[in-house]
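Please open the model in your viewer and keep the selection tool at hand. This tour goes from one selection to the next and describes what is found at each stop.

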Amino acid sequence: MMVNNAQWKDVYVQGTYTTKWGFFPGVSTSSMGAEAIVAALKDAQIKWGEVDAVFAGSVYQGTASGHRVVGEVGFTGIPIVNVENACSSGATAFRLAYDSIRLGQYKTVLAIGFEKMPRGPIPSTAFPSWQLAMGFNVQPANYALETMEYMHQYGATVEDFARVSVKNRRNGSLNPNARFQKDVTVEEVLQSAMVASPLRLLNCCPLADGAVAMILTNKPTNDRAIRVASSVLASGVYGEESYQSGITASVHHYPSEGIVEKSAREAYEKAGCGPEDIHVVQAYDSMGPGELWDIEKLGFCARGAAPELLREGVFDLTGSLPVNTDGGLLSRGHPLGATALAQIHEIVLQLRGEAGHRQVSDPKVGLAHAMGAGPNSAVTILQR
């Protein structure tokens, strides 16, 4: 059955919770997920029996991982849908929850993301077998290639990339759930161990364990609910290069609009706003330089302009466009299936005015952006 626009429901985030992020060898994924669900229900002031469906995002947690998490809270017969979409798994679960309410299928839905990570580089399997055999899936090296291209095109420097780490670690020092809560200096970043030139250890996000749960509904029962203005997922654009997915660019058919630009444009159109209306941003900073080109591709400034704006303090907590107010992936950490939902969680806190010492001044509209191997690009816009 087709649903016309007049029948679409407004969707709100009524409850949200994130666990503390770090390495917790004695804590299972199911325990972390259950902790997040129970706390999100309490935040939403609803009972578990009022939830109509669950969309559960994870990457390396195995078969029916969402069922195992929900089983800790108690099965109630509702549908549980497991979602694996690389590092945008959490945002994809959120988008499916949003659509299921918006189209009138359910009234109240749980979106959850969770992950326990191994030590060392992510063992990405999002590559053709021959590329895996040849070692193409070393993601720091792929980001290093993209970084060198960005430096060549726009004149960005390693000092610019270090300033991203300094800003995000400063923000993370104000986030009690971040894995790293200690400031670093530009000099410390530039003197940290080389990983893949020009990327050093403190340019790279740390892995972490963690879980985030969120209650979405079309019947908000308190004034802390935050409206979902749009939730968009784009997956691959023919001809565009994707280092992190082992895809090379088409020489003759390079697209006029890349995957990030496409997902951002669609999100702005559906939300009825533009980048000039956004007050706070969670950008995808798995590597420090990525935050800079992400800000540019999302339309907040011209290509190559982000490093200068960073130096001017535009992206600081007190700047005109605060970015990664919770410390981002660089400070908070990166549990793959939970990361994108954590970005949305931070925007909800900021719009509620509940972000504590890292609260920015009176934001009304916020945007979260996550990338994932495949490739995927997920943009979520929230409005107070």
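**The hairpin turn**

In the hairpin formed by β10 and β11, where three residues lie between the strands, Gly 374 has a positive phi near 145°. Helices and strands are DSSP runs numbered from the N terminus, a helix (H or I) having at least four residues and a strand (E) at least two. Pro 375 belongs to the loop between β10 and β11, and the peptide bond that joins Gly 374 and Pro 375 is cis, with omega about 10°.

Before going further, note that this is a predicted model, in which local features need pLDDT of at least 70 and side-chain atom pairs count only at pLDDT 80 or more, while totals for chains, interfaces and linings use all residues. Residues are numbered from 1 along each chain as its sequence is written, and side-chain values use heavy atoms, with hydrogens and water left out.

**Strand β10 and its partners**

Now select residues 365-372, which make up strand β10, and you will find that eight of its eight residues are buried; buried means under 20% relative accessible area, exposed means over 50%, and partly exposed lies in between (1.4 Å probe, protein chains only). In a regular strand the side chains alternate between the two faces of the sheet. In β10, Val 365, Leu 367, His 369 and Met 371 point one way, whereas Gly 366, Ala 368, Ala 370 and Gly 372 point the other way.

Add residues 376-383, strand β11, which pairs with β10 in the antiparallel sense over eight bridges; two strands count as paired if DSSP finds at least two bridges between them. Across this pairing, Leu 367 stands opposite Ile 381 in β11. Next, add strand β9 (residues 280-282), which runs parallel to β10 and is joined to it by three bridges, with Gln 282 standing opposite Ala 368.

**Helix α8**

Select residues 259-271 for helix α8, whose 13 residues reach 18 Å from the first C-alpha to the last, close to the 18 Å expected at 1.5 Å a residue; the expected span is 1.5 Å times one less than the number of residues. The buried residues of α8 include Ile 259, Val 260, Glu 266 and Tyr 268, and what covers the buried residues of this helix includes β8 (226-234), α9 (288-297), β10 and β11. Just after α8, select Gly 272, which takes a positive phi of about 70°.

**A buried loop residue**

Is Asn 137, in the loop between α4 and α5 (139-154), buried or exposed? Asn 137 counts as buried because its relative accessibility is 18%. Leaving aside neighbours within four places in sequence, its contacts (heavy atoms within 4.5 Å) include Ile 122, Phe 127 and Asn 142.

**Unusual backbone angles**

Most residues other than glycine have a negative phi, and most peptide bonds are trans. With that in mind, select Gln 45 in the loop between α1 (29-44) and β2 (53-57), where phi is positive at about 60° although the residue is not a glycine; Gln 45 is exposed, with a relative accessible area of 58%. Then go to Asp 362, in the loop between α12 (336-352) and β10, which is not a glycine either and has a positive phi of about 50°; Asp 362 is partly exposed, with a relative accessible area of 46%.

For the last stop, select Ser 197 and Pro 198, whose shared peptide bond is cis with omega near 10°; Pro 198 is found in the loop between β5 (194-196) and β6 (199-200).
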